[in-house]
Amino acid sequence: EGAALANNCGAFVDLSDDGRTAFIAQQSLSFVPGADADTADPGTLPTTAPGIEVVDVSDPANPARKQILPVLSQGGVHTARSHVVPGKGTYVFGIANSQGAPGAGVDISKLDDDLQVLTPVARIEIGEIHDTFIQNDPDGHTYLYIAGGYSKGLLVYDVTDPASPVRVAAWNLTPECTRDWYSHTVDVAHRDGRRIVTMPAEVFVSTDQSA
């Protein structure tokens, strides 16, 4: 693709729990309609759209694209994480990375295991986000941990019912500063009955802050 349609940081790929389905997060900056490579003349390059592509990889030698799911964003989808929520099935949590602009958040979609297609069920509007970590907690709930870039710090949502996410925790080291450190990724481990959260910062900015 040309510079105008270039993927920012490429694509993130995740697999369903059974290994049959791949989810490709397309962080394309824009979309111009064009020929579908599945039906176009040989040699035609595929058109990348901001969203999530679903690919049947049950036969690794013959992968087949099943769906292109558009996701509202201004920077495409940064990651698309697959997770099995107990009693609910497989869901994909796609980060709509709008780089701080309206529309940033998490799109939650349910996977139809037989058809291998996603159906959107909910969206968490945040305003800024970079990465997520999803875990079935020992307390019986499923939690979505969010690294929220400059403005949000850490957010935690209960997604035990993926169609009705509920925010249960938030933490920001310096809420009085709007652009000082960038929460980049997040991970959670359990030790002695406690949750240990690590959230690295990608960037520290010490200038251009108001009093």
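Trainee: How many bridges join strand 6 to strand 7?
Mentor: Keep in mind that this is a predicted model. Strand 6 covers residues 89–96 and strand 7 covers residues 105–112, and the two run antiparallel. Along that pairing, Tyr91 stands opposite Lys110 in strand 7. The number of bridges joining the two strands is six.

Trainee: Which strands stand at the edges of the sheet with the order 5-6-7-8?
Mentor: That sheet is open, its four strands paired in the antiparallel sense. An edge strand has a single partner, so one side of it is left without a neighbour in the sheet. The strands that fit are strand 5 (77–85) and strand 8 (117–125).

Trainee: And what does the twist average from one strand to the next there?
Mentor: We're still with the open sheet ordered 5-6-7-8. Going from one strand to the next, the twist averages 25°.

Trainee: What about the sheet with the order 9-10-11-12: by how many degrees are neighbouring strands turned against each other on average?
Mentor: This one is also an open sheet of four strands with antiparallel pairing. Strand 9 (131–136) and strand 12 (166–171) are its edge strands, each pairing on one side only. Ignoring direction, the average turn between neighbouring strands is 20°.

Trainee: Inside that sheet, which residue is the bridge partner of Ala147 in strand 11?
Mentor: Look at strand 10 (residues 142–147) and strand 11 (residues 154–158), an antiparallel pair held over five bridges. Find Ala147 and go across to strand 11; its bridge partner there is Leu154.

Trainee: Are Tyr143 and Tyr145 stacked or edge-to-face?
Mentor: They make one of the three aromatic pairs in the structure. Their ring centres are 6.4 Å apart, and their planes sit at 70°. Planes over 60 degrees apart fall in one class, so the pair is edge-to-face.

Trainee: Is Tyr145 buried or exposed?
Mentor: The cut-off for buried is under 20% relative accessible area. Tyr143, at 11%, is buried. Tyr145 has 3% relative accessibility, so this residue counts as buried.

Trainee: Which residue forms one aromatic cluster with Tyr143 and Tyr145?
Mentor: Start from the edge-to-face pair of Tyr143 and Tyr145. One further residue belongs to their cluster, and that is Phe133.

Trainee: Last one: which residue in the turn between strand 14 and strand 15 has a positive phi?
Mentor: Strand 14 (residues 187–191) and strand 15 (residues 194–198) run antiparallel, joined by five bridges. Val188 stands opposite Val197 in strand 15. The two strands form a hairpin with two residues between them, and the one with a positive phi, about 50°, is Asp192.

Conventions:
Residues are numbered from 1 along each chain as its sequence is written. This is a predicted model: local features need pLDDT of at least 70, side-chain atom pairs count only at pLDDT 80 or more; totals for chains, interfaces and linings use all residues. Side-chain values use heavy atoms; hydrogens and water are left out. Two strands pair if DSSP finds at least two bridges between them. Axes are lines fitted to C-alpha atoms, for helices over the stretch in contact, and angles run from 0 to 180 degrees between N-to-C directions. Rings of Phe, Tyr and Trp (its six-membered ring) pair if their centres lie within 6.5 Å; planes under 30 degrees apart count as stacked, over 60 as edge-to-face and the rest as tilted. Buried means under 20% relative accessible area, exposed over 50%, partly exposed in between (1.4 Å probe, protein chains only).
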